[in-house]
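User: Please take a close look at a single part of this model and explain how it is packed against its surroundings. A connected account that then follows the related details elsewhere in the chain would suit me best.

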Amino acid sequence: MQRRGRLKIFCGSANPELALEICKYIGLEPVKGEVSHFSDGETSISIKESVRGCDVYLIQPLFNPVNENIMELLITIDALRRASATSVNAVIPYYGYARQDRKTKAREPITAKLLADLITAAGASRIVAMDLHAGQIQGFFNIPFDHLTAVPILAKYFQQKKIKNGVVVSPDLGGVTRARELANRLGFPIAVIDKKRVGPNQAEVMNIIGEVEDKVAIMVDDIIDTAGTITLGAQALIQKGVHEVYACCTHPVFSGKALARLGAAPFKEIVVTNTIPVDSTLIEDKLIVLSVASLIGEAILRIHEERSVSELFD
């Protein structure tokens, strides 16, 4: 068995607020380092203190600018490994390219697998990620993978609201497992929106499976990207007699016209986590941001101390 080193945290530049929250929870100062760029745009990483013999946890979600954040992750892993860290553990709250997890037509890449190969080749010892868009991505790695979920955090928030006559709604058939987990924690039934996707980031609502009339609906997804699917779903639920609609997700990607769509949609609240930083003032009357820092921090401590991580979700 590989010997355990001292625990250290390196904060990537993608989401420093979350990384510092995690450091505060664990009770450590982050490793001193600097991320800079050459005049031609190349990324440069400088580790300013010794990590020799340490177990380093590198916190770097992979959102826009996703390619730049990926290169920073890879270069930092390489720098830490060459600095003789005992292990380099990549903590990736949001795993980019996760929606490119399979071939849907001829001559397409499987980019989620390519990214897994790059991270492994760079020298990562372990991956910690949260709410993957496709769970099978764990199998793309031949190193340990700890998959966390924000569902308990979302469930706790909605439990405090004491919603009566609620229903948890999956915006598509692929999200049924996630919706059922949240529904079980809240004691609500589930419903599913059967949709047809007519193109990339374009969806058309077809039918609602389940009883939703006169209920309070909680739509749950792993990602809200352009918000087209979830806003169409909210409109369909209102037409079916739902009293109020809440939206919740782990990763607020919010690209394109997402914020405008969410602001105009009939949502009571939009509940997200801080795996990706978001400016809540843009729709401050609706947007609620919950922190996942304590969950990730506790997972890091349990991994380092060789204790169970799954107990966090029992």
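Analyst: Two residues are in contact here when they have heavy atoms within 4.5 Å of each other. With that in mind, and bearing in mind throughout that this is a predicted model, a convenient starting point is Ala155, which lies in helix α4. Leaving aside residues up to four places away in sequence, Ala155 touches Leu182, Arg185 and Leu186. For one of these partners there is also a backbone distance: the C-alpha atoms of Ala155 and Arg185 are 6.4 Å apart in space, although the two residues are separated by 30 residues in sequence. Since buried means under 20% relative accessible area, Ala155 is counted as buried because its relative accessible area is 2%.

The contacts of Ala155 belong to a helix pair. Helix α4 covers residues 151-161 and helix α5 covers residues 176-186, and their axes come within 9 Å and cross at roughly 40°. An angle between 35 and 65 degrees falls outside the parallel and perpendicular ranges, and α4 and α5 are therefore oblique to each other. The sense of the crossing of α4 and α5 is right-handed. On the α4 side, the residues that take part are Val151, Pro152, Leu154, Ala155, Phe158 and Gln159, and they meet Arg178, Glu181, Leu182, Arg185 and Leu186 of α5. Sorted by residue type, the contact of α4 with α5 consists of seven nonpolar residues, one polar residue and three charged ones.

Helix α4 also has partners beyond α5. Its buried residues are Val151, Ile153, Leu154, Ala155, Tyr157 and Phe158. Taken together, the buried residues of α4 pack against α5 and α8 (293-304) among the helices, and against the strands β11 (216-224), β12, β13 (269-273) and β14 (287-290).

The end of α4 is marked by a backbone feature. Just after the helix, Lys162 takes a positive phi of about 50°, and it does so although it is not a glycine. Lys162 sits in the loop between α4 and β8 (166-170). In contrast to the buried residues of the helix, Lys162 is exposed, because its relative accessible area is 67%. A second positive phi concerns Phe254, a residue other than glycine whose phi is near 50°. Phe254 is placed in the loop between β12 (244-252) and α7 (258-264), and at 11% relative accessibility it counts as buried. A further backbone detail is the cis peptide bond from Asn64 to Pro65, with omega near 0°; Pro65 is found in the loop between β4 (54-59) and α2 (66-82).

Helix α8, one of the elements packed against by α4, also pairs with α1. The axes of α1 (residues 16-26) and α8 are 8 Å apart, and the two helices pack at an angle of about 55°, which makes α1 oblique to α8. This crossing, too, is right-handed. From α1, Leu18, Glu21, Ile22, Tyr25 and Ile26 meet Ala293, Ser294, Ile296, Gly297, Glu298, Ile300 and Leu301 of α8. The residues in this contact of α1 with α8 divide into eight nonpolar, two polar and two charged.

The aromatic rings give another view of packing. Rings are taken as a pair if their centres lie within 6.5 Å, and by this rule the count comes to four aromatic pairs. In one of them, Tyr95 and Phe141, the ring centres are 6.1 Å apart and the planes stand at 75°, so the pair is edge-to-face. This pair links distant parts of the chain, since Tyr95 lies in the loop between β5 (87-92) and α3 (111-122), Phe141 lies in the loop between β6 (126-130) and β7 (145-148), and the two are 46 residues apart. Tyr95 counts as buried at 2% relative accessibility, and Phe141 is likewise buried, with a relative accessible area of 6%. Phe141 also forms an aromatic pair with Phe145, which is tilted, with 5.4 Å from centre to centre and 55° between the planes. Phe145 counts as buried at 15% relative accessibility. Through these ring pairs, Tyr95, Phe141 and Phe145 are linked into a cluster.

Definitions and conventions. Residues numbered from 1 in each chain as written. Predicted model: local features only at pLDDT ≥ 70, side-chain atom pairs only at ≥ 80, totals over all residues. Heavy atoms only, no water. Phe/Tyr/Trp six-rings, centres within 6.5 Å; stacked < 30°, edge-to-face > 60°. Helix = DSSP H or I, 4+ residues; strand = E, 2+ residues; numbered from the N terminus. Buried < 20%, exposed > 50% of the residue type's maximum accessible area, 1.4 Å probe, protein only. Axes fitted to C-alpha atoms, helices over the stretch in contact; angles between N-to-C directions. Parallel < 35°, antiparallel > 145°, perpendicular 65-115°, else oblique. Left-handed = near helix turned anticlockwise from the far one by under 90°. Nonpolar A, V, L, I, M, F, W, Y, C, P; charged D, E, K, R; others polar.
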